[in-house]
Amino acid sequence: MWILLRGGYPLRILLPLRGEWMGRRGLPRSLAPGPPRRRYRKEALPALEVPVLPVTTTEIRQYLRARGIPFQDGHSCLRAPSPFVKALPLKDQNGATASFSLFIDKTTGRFLCMTSLAEGSWEDFQASVEGRGDGAREGVLLSEAPEVEDSEEVRRIWDRAVPLWELPEPEEAQLARVMFGLTRVTDDTLRRFNVRYLRPARSLVFPWLSPGGLGLRGLKLLGAEGQRDGVHYKETTIPRPGVYRNLFGLPLISRRDVEVVLTSRELDSLALNQSTGLPTLALPRGTACLPPALLPYLEQFRRIVLWLGDDLRSWEAAKLFARKLNPKRCSLVRPGDRQPRPLEALNRGLSLSRILRTALPAWHKSIVSFRQLREEVLGELSNVEQAAGIRWNRFPDLNRLLKGHRKGELTVFTGPTGSGKTTFISEYALDLCTQGVNTLWGSFEISNVRLARVMLTQFAVGRLEEQLDKYDEWADRFEDLPLYFMTFHGQQSIRTVIDTMQHAVYVYDICHVVIDNLQFMMGHEPLSTDRIAAQDYIVGAFRKFATDNSCHVTLVIHPRKEDDDKELQTASIFGSAKASQEADNVLILQDRKLVTGPGKRYLQVSKNRFDGDVGVFPLEFNKSSLTFSIPPKSKARLKKVKDDNGLATKKPSSGKKGAVPQNSETCLDQAHQPCQPDPSRPSR
Ligand SMILES: Nc1ncnc2c1ncn2[C@@H]1O[C@H](COP(=O)(O)OP(=O)(O)OP(=O)(O)O)[C@@H](O)[C@H]1O
């Protein structure tokens with residue numbers, strides 16, 4: 001989880017791992033910095049830094065004009081002379097003056113001065129221009145030098161690392177080359193990119209050099225471990241991933257370069273540059289995100305080719321990143337059999353230049369022909385599993401019904417009051433988040449602290465109250481999840497919420513937004529407005545947001561008041577049928593305690609637009625870990641269901657108001673047909 005700090009880094013401690021004391025980054029202690037210690041944040045900002053009033057490009061332009069500040073229009077930024085250069089008379093490497101070295105992000109208004117490395121928000125910039133910035137403020141604005149502890153660690157590792165060709169044993173060098181797939185990458189390429197090898201950690205080391213290539217700001221270690229099913233790679237960055245902003249390869253870019261190829265891994269950049277001679281840059285966190293802070297460094301390029309990898313996830317990421325970079329200058333290399341990732345292409349003897357020539361323009365007009373779509377369709381057909389989305393680790397039954405979690409969909413989730421909706425949806429979202437789905441939570445009912453506590457308990461799968469000595473260990477791991485929280489509590493206007501979501505998608509590449517719950521956006525509607533119409537409007541806004549931003553939205557909606565002894569149906573969702581019509585998926589947490597005695601829950605998938613499979617499966621609540629996921633001991637029971645192939649098919653529901661088309665309905669709880677709770681298994 002990233003807690004956003006201005007001028008601070010998160011605390012770090014040392015953890016016992018695998019029976020010996022290791023640094024938090026899993027490096028041997030000899031390479032970790034000193035004894036265990038912790039630092040405290042000076043100024044912890046709210047979890048999601050939301051601009052008070054979002055600024056538009058037009059407003060930025062108007063402001064600059066009104067103040068007589070000249071500017072140039074760029075792809076994703078406006079360029080202006082930097083007001084921070086006089087205070088810091090730094091000269092860049094070529095001794096050039098620092099004119100127009102300030103880059104202002106057109107979407108957020110955040111700025112970066114490339115000369116002094118000062119950065120800040122649009123409000124900070126205005127304060128500086130208007131002479132309201134005091135000395136202390138300016139200090140805050142200046143980009144952080146790495147923390148002393150970090151720089152010591154970086155230096156220590158870098159000094160101990162050696163170029164591959166300087167390893168004393170040729171066998172060791174050869175083994176490293178094989179492990180990292182570098183057999184065709186020359187020493188010359190490794191030298192140019194300044195890649196080293198750290199023997200004790202059996203890792204490659206990629207440096208993060210300051211502009212001009214002088215100072216060392218951080219580094220990335222790439223470890224390789226041979227396992228039965230192939231080689232597994234593990235990345236470690238210093239500083240930690242949230243603030244590791246190394247566009248690897250930047251020192252090799254010349255001011256005159258107008259074209260660049262972006263890759264998601266450093267090794268791919270080596271391969272590409274070696275075989276095509278083109279400028280290449282590797283994104284610091286692969287396909288996970290493209291932080292807007294990097295955009296100024298990419299402004300000089302008239303053409304950007306994104307070649308991020310060989311799976312659908314990379315393809316989706318490339319399309320998203322192209323939006324940020326301005327699609328008109330972007331081309332994308334489509335993953336395919338003959339178009340693997342660059343390093344693999346090099347190793348297979350393919351022509352990387354030829355593959356680059358097949359890159360497709362990212363820019364689409366509003367109307368497309370099937371000719372433009374046919375490759376996309378083929379991509380989906382030949383990667384059926386990936387097209388079905390990310391599968392839950394903790395909810396195999398959900399995978400069987402929904403097949404996975406896909407971008408751009410709207411899921412509506414309902415259940416009786418107090419049945420455990422928040423608790424379930426927290427685990428459902430956490431599961432995806434631990435698999436790299438960048439997640440934004442809007443919890444309007446319960447505080448973020450309480451929600452985070454539930455999530456942390458679910459993450460640790462156990463009560464932390466009784467093992468406080470483990471708290472830091474779990475909290476450190478939790479902190480590294482790509483998880484963000486909106487800081488709203490209580491009633492909010494839908495406009496503010498959507499603006500915040502938009503901001504988060506741009507800044508943090510959010511792919512999943514959870515809204516708990518919709519009723520908290522309805523209070524701001526004028527009393528005279530029909531509440532049902534208001535809800536329809538809100539659902540429509542979330543639907544549009546999901547589609548436009550290729551972002552999954554999970555929306556919790558309360559059910560309408562019904563008889564307690566009746567099960568909920570799709571039509572029980574509060575309001576008109578709009579919510580279930582707009583939704584791609586409808587999930588209902590069924591609480592049958594009132595029908596059949598003490599409290600077992602079932603999850604019903606009552607709409608599934610992806611492939612129509614609907615059904616219900618039991619959830620067992622574990623009160624100490626607050627989890628609903630099936631404990632490992634129950635797996636056999638579920639397997640048996642599958643083996644028996646005993647799926648109960650019901651008639652599709654008919655055209656009732658709010659009813660949805662259903663292909664087949666599946667009860668995955670064979671032991672309790674027809675989906676009745678098992679009285680012999682009291683809920684915990
Ligand atoms: N299956 C369950 N059995 C018993 N207790 C549960 C179960 N699921 C959740 N709880 C507990 O019930 C309480 C309420 O859960 P939660 O807040 O998730 O419900 P909710 O449906 O979101 O409530 P609301 O309708 O107020 O939004 C929590 O303390 C939670 O730990």
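At what angle do α15 and α16 pack, and how far apart are their axes? They pack at about 60 degrees, with the axes 10 Å apart. This is a predicted model, so a local feature is listed at pLDDT of at least 70 and a side-chain atom pair at pLDDT 80 or more, while totals for chains, interfaces and linings use all residues. Residue numbers start from 1 along each chain, following the sequence as written.

**Domains**

- The domain assignment splits the protein chain into domain 1 (57-141), domain 2 (249-387) and domain 3 (396-672); bounds like these come from an automatic or database domain assignment.
- Where domain 1 meets domain 2, the contact takes 10 residues from domain 1 and 9 from domain 2. Two residues are in contact here if their C-beta atoms, placed from the backbone, lie within 7 Å.
- The side of domain 1 that touches domain 2 has 4 nonpolar, 4 polar and 2 charged residues. For these classes, Ala, Val, Leu, Ile, Met, Phe, Trp, Tyr, Cys and Pro are nonpolar, Asp, Glu, Lys and Arg are charged, and the others, Gly among them, are polar.

**Around the ligand**

- There are 14 residues around the ligand, and Gly420, Lys421, Thr422, Thr423 and Phe621 come nearest. A residue is near a molecule or strand if its C-beta atom, placed from the backbone, lies within 6 Å of it.
- Helix α15 (residues 421-433) gives the largest share of this shell, 3 residues. Helices (H or I, at least four residues) and strands (E, at least two) are DSSP runs, numbered from the N terminus.
- By class, the shell has 2 nonpolar, 9 polar and 3 charged residues.

**Helix α15 against α16**

- Back to the opening pair: at about 60 degrees, α15 and α16 are therefore oblique to each other. The cut-offs are under 35 degrees for roughly parallel, over 145 for roughly antiparallel, 65 to 115 for roughly perpendicular, and oblique for the rest.
- Axes are lines fitted to C-alpha atoms, for helices over the stretch in contact, and angles run from 0 to 180 degrees between N-to-C directions.
- The pair has a right-handed crossing; that is the term if the near helix is turned clockwise from the far one by less than a right angle, and left-handed if anticlockwise.
- On the α15 side, Thr423, Ser426, Glu427 and Leu430 make the contact, and on the α16 side Leu451, Val454, Met455, Gln458 and Phe459 do.
- That contact is a mix of 5 nonpolar, 3 polar and 1 charged residues.

**Helix α16 against α17**

- Helix α16 (residues 448-460) also packs on helix α17 (residues 471-479), at about 105 degrees and with axes 10 Å apart. The two are therefore roughly perpendicular.
- Leu456, Phe459 and Ala460 of α16 meet Trp474, Ala475 and Phe478 of α17.
- The class count is 6 nonpolar, no polar and no charged residues.

**Helix α18 against α19**

- Helix α18 (residues 494-508) and helix α19 (residues 531-549) pack at about 10 degrees, with axes 11 Å apart, and they are therefore roughly parallel.
- The crossing of α18 with α19 is right-handed.
- Ile494, Ile498, Met501 and Val505 from α18 face Ile538, Ala541, Phe545 and Asn549 from α19. The tally is 7 nonpolar, 1 polar and no charged residues.

**Backbone spots to check**

- Most residues other than glycine have a negative phi, and most peptide bonds are trans.
- The bond from Ile238 to Pro239 is cis, with omega near -5 degrees, and Pro239 sits in the loop between β11 (230-238) and β12 (259-263).
- Asp516 to Asn517 is also a cis peptide bond, with omega near 0 degrees; Asn517 is in the loop between β20 (512-516) and α19.
- Lys403 isn't a glycine, yet its phi is positive at about 75 degrees. Lys403 lies in the loop between α14 (396-402) and β17 (410-414).
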